[in-house]
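Visitor: I have a chain open on my screen and would like to go through it with you. Can we take it piece by piece?

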Amino acid sequence: ERCKLAFDMYDVDHSGYLSIDEVEEMMMSTNLTTRDLIKKRAENFMLCADTDRSGGITIDEFIVAAEKLPNLLYPPQTKQR
């Protein structure tokens, strides 16, 4: 359910696929890091998730990849003191 919510939120064009740009935006919103590092992480995620090499990630591909790479999409939260 968490994956479906995230997928729907970032599939801004409602195509049913996440593009590399949408994956980058998703990662920018959940990571406090540089744009270059996000771009590299997004490219790696696309390589892992886009199993049919269509250039986009379906919800099914997204769920499988999120289970394999949970910290890539949902980085561990640091505790505030």
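**Cysteines, helices and rings**

Guide: Cys3 has a relative accessibility of 15%, so it counts as buried. Keep in mind that this is a predicted model.

Visitor: And Cys48, how accessible is that one?

Guide: Cys48 has a relative accessible area of 27%, which makes it partly exposed.

Visitor: How many disulfides are there?

Guide: The structure holds 0 disulfides.

Visitor: Back to Cys3. Which helix is it in, and which residues of that helix are buried?

Guide: Cys3 belongs to helix H1, residues 2–10, where Cys3, Ala6, Phe7 and Tyr10 are buried. Viewed down the axis of H1, these buried residues fall within an arc of 100°, so they line one face of the helix. Leu5 and Met9, on the other side of H1, are exposed.

Visitor: What do the buried residues of H1 pack against?

Guide: They pack against helix H2, residues 20–30, and against H4. As for a pair of residues from H1 and H4, the C-alpha atoms of Cys3 and Ala66 are separated by 7.4 Å, although the two are 63 residues apart along the chain.

Visitor: Ala66, then. Buried or exposed?

Guide: Buried, because its relative accessibility is 6%, and the cut-off for buried is under 20%. Ala66 sits in helix H4.

Visitor: What else is buried in H4?

Guide: Besides Ala66, the buried residues of H4 are Glu61, Phe62 and Ala65. Down the axis of H4, the buried residues fall within an arc of 130°, so they line one face of that helix. Asp60, Glu67 and Lys68 are exposed on the other side of H4.

Visitor: Let me zoom out. How many helices and strands does the chain have?

Guide: There are 5 helices and 0 strands. Along the sequence the pattern reads α-α-α-α-α.

Visitor: What share of the chain is buried?

Guide: Of the 81 residues in the chain, 35% are buried.

Visitor: And what share of the contacts is between residues far apart in sequence?

Guide: Taking the contacts with a separation of 6 or more, 43% are between residues 24 or more positions apart.

Visitor: Now the aromatics. How many aromatic pairs are there?

Guide: There are 2 aromatic pairs. One of them is Phe45 with Phe62, an edge-to-face pair at 6.2 Å centre to centre with 75° between the planes. Phe45 lies in helix H3, residues 35–49, and Phe62 in helix H4, residues 59–68, so this pair ties together parts that are 17 residues apart in sequence.

Visitor: Are those two rings buried or exposed?

Guide: Both Phe45 and Phe62 are buried.

Visitor: Which residues make up the ring cluster?

Guide: Phe7, Phe45 and Phe62 are linked into a cluster by ring pairs. Phe7 is one of the buried residues of H1.

Visitor: How do H3 and H4 cross?

Guide: Their axes come within 9 Å and cross at roughly 115°. The crossing of H3 past H4 is right-handed.

Visitor: Which residues meet there?

Guide: On the H3 side, Phe45, Cys48 and Ala49. On the H4 side, Glu61, Phe62, Ala65, Ala66 and Lys68. Cys48 in this list is the partly exposed cysteine from before.

Visitor: Loops next. Which residue between H1 and H2 is buried?

Guide: Asp11 lies in the loop between H1 and H2. Its relative accessible area is 5%, so Asp11 is buried.

Visitor: What does Asp11 touch?

Guide: Leaving aside residues up to four places away in sequence, Asp11 touches Gly16, Tyr17, Leu18 and Glu22. The C-alpha atoms of Asp11 and Ile59 are separated by 9.8 Å, with the two positions 48 residues apart along the chain counted as their separation.

Visitor: What about His14, where is it?

Guide: His14 is also placed in the loop between H1 and H2. His14 is exposed, at a relative accessible area of 66%. Its phi is near 55°, a positive value in a residue other than glycine.

Visitor: Why point that out?

Guide: Because most residues other than glycine have a negative phi.

Visitor: What is phi for Arg53?

Guide: Near 55°, again a positive value in a residue other than glycine. Arg53 is in the loop between H3 and H4, and its relative accessible area of 55% makes it exposed.

Key:
Residues numbered from 1 in each chain as written. Predicted model: local features only at pLDDT ≥ 70, side-chain atom pairs only at ≥ 80, totals over all residues. Heavy atoms only, no water. Phe/Tyr/Trp six-rings, centres within 6.5 Å; stacked < 30°, edge-to-face > 60°. Helix = DSSP H or I, 4+ residues; strand = E, 2+ residues; numbered from the N terminus. Buried < 20%, exposed > 50% of the residue type's maximum accessible area, 1.4 Å probe, protein only. Arc of directions from axis to C-beta. Disulfide = S-S within 2.5 Å. Axes fitted to C-alpha atoms, helices over the stretch in contact; angles between N-to-C directions. Left-handed = near helix turned anticlockwise from the far one by under 90°. Contact = heavy atoms within 4.5 Å.
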